[in-house]
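Colleague: I am new to this structure and would appreciate a short tour. Could you show it first?

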Amino acid sequence: RDWSSDVCSSDLFLNFSLANSWTITTIGLVVIGNLGSVLIAKKYLESFILQLFFVISMCLSLSFVLYFTLNPNIVGYSFLSWLYIFYKNIESETKQFFRQIKINTFIVVLLIYALSCWYGAFFFIFTLGFKYLLDIILLKNKVNFKSKIQNLKLNILLFFLPLQIFLVWLFYYVYVSVVNQPYRPAKEMLRNSPRIELLANGANVNGAYLSGSFLKDFYIYLGLDKENEYTIGIGIIAFILLIFVSIFHLINKNRSFKKYTLAYSIGLVYLFFIVIGDFSIHKIFFENIPGFNSIRCPSRYVIFVGYFSIFLIFYTFDKIIKNNKDKKVFSVFIVLSLLLILDQYRSPFKGWDESQFINTDLMSKKNEIIKNCDYFYYDKPGGWWYDQIEAMTFAIQVGVPTINGYSGAFPPNYPTEPFNSEKPPLKIFDWISKVDKNLRGCFIAGTTPLKKLNKDLRTLDLVGFTQVETDGKNSWQWAVSPN
């Protein structure tokens, strides 16, 4: 599920094509999301030129853009700036009545956000959880600690009650709904976990590589040109500058650890998710704690790291410039800011061509499906998870329901067969057999003739092929025989 798909389906009623609806909605959401960066710039940065460069850098954020071109439903992450602004507004509220109203509103907003961008909501709450623990740990003395606990007791109805409601909902949504989808093994989660040595990686996926990077040769020389989803990084310049500003704050005599608990929290959460060999801390939680197994691609947390790295870099530059009126110093940081922007930039990838929204095999059967089917199941030879997306998109286009599904709550007793399997997907047909017999079901498999799922259909020729070598073991992407 994602925001653009919800708005997109309503756009179809305005006679936009699916491709145009998707593009207009998605770009619109990105623009709205990035307006939050403008507010953050005005609140935390004094230099106008750094405010401008900060907003540009956030819009070009390498980790977000590369993920966005790979999975457009990442669009929800662009609204993290708004969530943070809302959170800080609550934190600064001194009047309990208004604080209560804001907290309750924030919970509702967060619930809506979680339904549309689950990973973003989970990462946001998880990071704030770490921050809260650090705030408690870094209290200077027992008096402050007791005062903090006393305030918590006094405000339990104002703060913890909404939080408890959220956690109950969180448990239900994750452990009851999402977990019912096909199970992903821990080794797959580890494969999609971040590697700390690749945090500076700068290559895109799907053939886009280092297109547009002015440091292309440097990335190749350093081996930071990997083209996998889990290798998406924040860029070499952002990485170097992040180290620089981190050292600056650590050696600063006027530093306040409590002031930077959010920075420490993001760093700790990133360490929580990184994989070393076949181990990560997240793996322990993934296998034992309800809800954590919904985070199967923890490498996406790099988007958080990318956003915050850009903020911390410009925040530090602004403080240094403010305390040093030397024009040479100002010029140096302006040049570094421009280098950061240039390194974040990548040429547009191959794009969302309208043909990508049209499955010619399915569309060739459009009229036949509308005429003969009350619902359909689609499984293309050599199929993979994207067949589920293809089926759902086609169902919207033609107005015929599909029993394909991906990423979300499935109907009762829906089979949880893994996509990568050594066996054909027989369980789905057992489930189909229990569907109301008055409904006309159809089975579609690529270019082969449409098959009607009725009492006269005794068998389907199911085979496994499209061999994949994984860890020395042959596995198969199940499919229907094309013959």
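Modeller: What follows covers the overall make-up, the salt bridges, the cavities and one residue.

Modeller: This is a predicted model, in which local features need pLDDT of at least 70, side-chain atom pairs count only at pLDDT 80 or more, and totals for chains, interfaces and linings use all residues. Residues are numbered from 1 along each chain as its sequence is written, and side-chain values use heavy atoms, with hydrogens and water left out.

Colleague: How many helices and strands are there in the chain?

Modeller: The chain has 20 helices and five strands. These are DSSP runs numbered from the N terminus, helices being H or I with at least four residues and strands E with at least two.

Colleague: And what percentage of the residues is buried?

Modeller: Of the 483 residues in the chain, 49% are buried. Buried means under 20% relative accessible area, exposed means over 50%, and partly exposed lies in between, with a 1.4 Å probe and protein chains only.

Colleague: On to charges. How many salt bridges does a search of the whole structure find?

Modeller: The search finds seven. A salt bridge is a side-chain nitrogen of Lys or Arg within 4 Å of a carboxyl oxygen of Asp or Glu. Side chains of opposite charge can pair when their charged atoms come close.

Colleague: Which residues are linked in a network of salt bridges?

Modeller: The network links Lys88, Glu91, Lys131 and Asp135. Within it, Glu91 and Lys131 pair through their side chains at 3.6 Å, N to O. That pair links distant parts of the chain, with Glu91 in helix α5 (residues 80-92) and Lys131 in helix α7 (residues 118-137), 40 residues apart.

Colleague: Are Glu91 and Lys131 buried or exposed?

Modeller: Glu91 counts as partly exposed because its relative accessibility is 35%. Lys131 has 9%, so Lys131 counts as buried.

Colleague: Where does Asp135 sit relative to Lys131?

Modeller: Asp135 and Lys131 are about one helical turn apart, because four residues separate them in helix α7. Their side chains form a salt bridge at 3.1 Å, N to O, and both residues are buried.

Colleague: What does Glu93 pair with?

Modeller: The side chain of Glu93 forms a salt bridge with that of Lys102 at 2.7 Å, N to O. Glu93 is buried at 17% relative accessibility, whereas Lys102 is partly exposed at 21%.

Colleague: Changing topic, how many cavities of 30 Å³ or more are there?

Modeller: There are five of 30 Å³ or more. On a 1 Å grid over the protein atoms alone, a cavity is a set of points where a 1.4 Å probe fits but cannot get out, and lining residues have an atom within 4 Å of a point. Grid points are joined across faces, edges and corners, and a volume is the space filled by probe spheres set on the points.

Colleague: What is the volume of the largest cavity, and which residues are closest to its centre?

Modeller: The volume of the largest cavity is about 370 Å³. Among its 21 lining residues, Leu80, Ser81, Tyr84, Tyr307 and Phe308 are the closest to its centre. Helix α2 gives the largest share of the lining, five residues.

Colleague: Finally, where is Asn372, and what does Asn372 touch?

Modeller: Asn372 lies in helix α18 (residues 366-372). Not counting residues up to four places away in sequence, Asn372 touches Arg440, Cys442 and Lys452, where contact means heavy atoms within 4.5 Å. At 18% relative accessibility, Asn372 is buried.

How values were computed:
1 Å grid on protein atoms, 1.4 Å probe; cavity = no way out; pocket = protein on both sides within 12 Å on 5 of 7 lines; lining within 4 Å.
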